[in-house]
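Biologist: Could you take a close look at one part of this model, the metal site, and walk me through it in a connected way?

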Amino acid sequence: MRLLHTSDWHLGRAFHRVNMLGAQADFIGHLVATVRERGVDAVVVSGDVYDRAVPPLAAVELFDDVLHRLADLGVPTVMISGNHDSARRLGVGAGLIDRAGIHLRTEPSACGTPVLLRDAFGDVAFYGLPYLEPALVRDEFGVEKAGHESVLAAAMDRVRADLATRAPGTRSVVLAHAFVTGGEASDSERDITVGGVAAVPAGVFDGVDYAALGHLHGSQTITERVRYSGSPLPYSFSETDHRKSMWLVDLAADGSVEAERLDCPVPRALARIRGALADLLADPELARHEEAWVEATLTDAVRPADPMARLTERFPHTLSLVFEPERAPDDPDVSYARRLAGRSDQQIAEDFVAHVRGAGPDEREQAVLQDAFDTVRADDTVREVAR
Ligand SMILES: [Mn+2]
């Protein structure tokens with residue numbers, strides 16, 4: 001049986017100020033074309049279909065569109081909810097779309113009940129484990145200490161118990177949305193740590209032929225049978241080095257697994273550049289990033305004027321600006337109170353300007369500050385409020 005494993009679509013999410021719906025629609029088109037061209041037998045989507053509990057209408061329409069297209073192809077699809085989805089909202093209508101071959105699993109209590117699909121060699125049982133929030137599902141799984149590992153282990157016990165009742169030779173796939181030990185995080189997953197360790201060992205998935213994971217946004221192979229597809233699109237600059245992809249998994253008659261990595265369409269390259277503004281504007285090496293989505297870290301000791309306007313002349317798709325001036329760090333031995341002691345408001349304000357900008361106020365600016373302080377001191381109502 002040939003599976004296509006993907007996750008973390010985050011439909012409706014923007015990348016900085018760029019609306020990603022067009023890129024998300026392109027990905028959906030690519031997914032449907034891949035299903036058709038590569039003879040996929042089943043699609044698995046391991047959570048975070050949407051970016052938030054109440055997604056924008058355009059994202060809901062895109063989801064509706066992909067469900068229709070997959071159902072029209074007659075290719076069964078198994079999906080779970082992730083930590084960004086509202087399981088209950090996403091699950092509305094799940095019973096009805098089940099009849100169209102779209103199996104949406106959002107209910108933790110149903111994790112031991114598989115979707116059974118058949119090929120020439122027999123049954124493949126798909127167990128959908130929606131994202132399990134420890135505090136919310138501890139009673140369901142009867143665990144004493146609500147932790148990610150304990151609830152996932154309890155859910156997997158149910159999976160193995162059910163699998164043991166199936167016909168001999170039944171193969172198995174688990175969908176889960178979790179942080180597995182050894183996986184590498186980026187800046188765009190929402191932290192799922194609840195009062196302790198979020199990571200669970202890959203061993204919890206022992207006993208099934210393939211664990212199709214979601215949550216981490218970089219594609220990764222934890223073991224041959226435990227993989228993350230990663231998100232199809234970048235949602236932070238920490239993903240600049242990611243290669244966005246899906247896994248095409250061939251599950252053989254004996255349950256052995258072969259996985260091929262399929263690239264997703266790239267809407268625009270990502271680049272992180274760093275240096276003094278003048279250097280970034282002049283360096284011929286950086287020409288290759290001129291059409292990329294750019295995050296620029298400026299190291300100028302004095303914050304330059306209009307940095308964004310100047311950067312976008314060369315890099316029109318600059319989305320993020322970071323200031324990390326290279327200068328001697330302040331002496332940590334000098335406490336804040338000691339640095340302020342015996343100094344006038346005017347001096348403190350001038351130092352503040354120098355601290356945030358890299359250069360103190362000029363004469364005109366000093367006069368503006370002086371005038372502001374004088375006005376405040378002269379104003380009885382301000383003094384009244386201050387008391
Ligand atoms: Mn996610």
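Modeller: A donor here is an N, O or S atom within 2.8 Å of the metal, and because water is not among the atoms, a site may look incomplete. With that in mind, and bearing in mind that this is a predicted model, the protein donors of the manganese ion are Asp8 and Asp48, each through OD, together with His10 and His217, each through NE2, and they lie 2.0 to 2.4 Å from the ion. Along the sequence, the donor residues of the manganese ion follow the spacing D-x1-H-x37-D-x168-H. Asp8 sits in the loop between β1 (2-6) and β2 (14-15), whereas Asp48 sits in the loop between β4 (42-46) and α2 (57-73), so this pair ties together parts that are 40 residues apart in sequence. Both carboxylate-bearing residues can also be described by their accessibility: Asp8 has a relative accessible area of 0% and is buried, and Asp48, at 1% relative accessibility, counts as buried too. As for the geometry one might compare against, ideal angles at a metal are 109.5 degrees for four tetrahedral donors, and 90 or 180 degrees for six octahedral ones.

For context elsewhere in the chain, there is an open sheet of three strands in the order β17-β18-β19, with parallel pairing. Its edges are formed by β17 (270-275) and β19 (318-323), each of which has a single partner strand, so one side of each is left without a neighbour in the sheet. Six bridges join β17 to β18 (residues 293-298), and Leu270 has Trp293 of β18 as its bridge partner.

Note on methods: Residues are numbered from 1 along each chain as its sequence is written. This is a predicted model: local features need pLDDT of at least 70, side-chain atom pairs count only at pLDDT 80 or more; totals for chains, interfaces and linings use all residues. Side-chain values use heavy atoms; hydrogens and water are left out. Two strands pair if DSSP finds at least two bridges between them. Helices (H or I, at least four residues) and strands (E, at least two) are DSSP runs, numbered from the N terminus. Donors are N, O and S atoms within 2.8 Å of the metal (3.2 Å for Na, K and Ca); water is not among the atoms, so sites may look incomplete. Buried means under 20% relative accessible area, exposed over 50%, partly exposed in between (1.4 Å probe, protein chains only).
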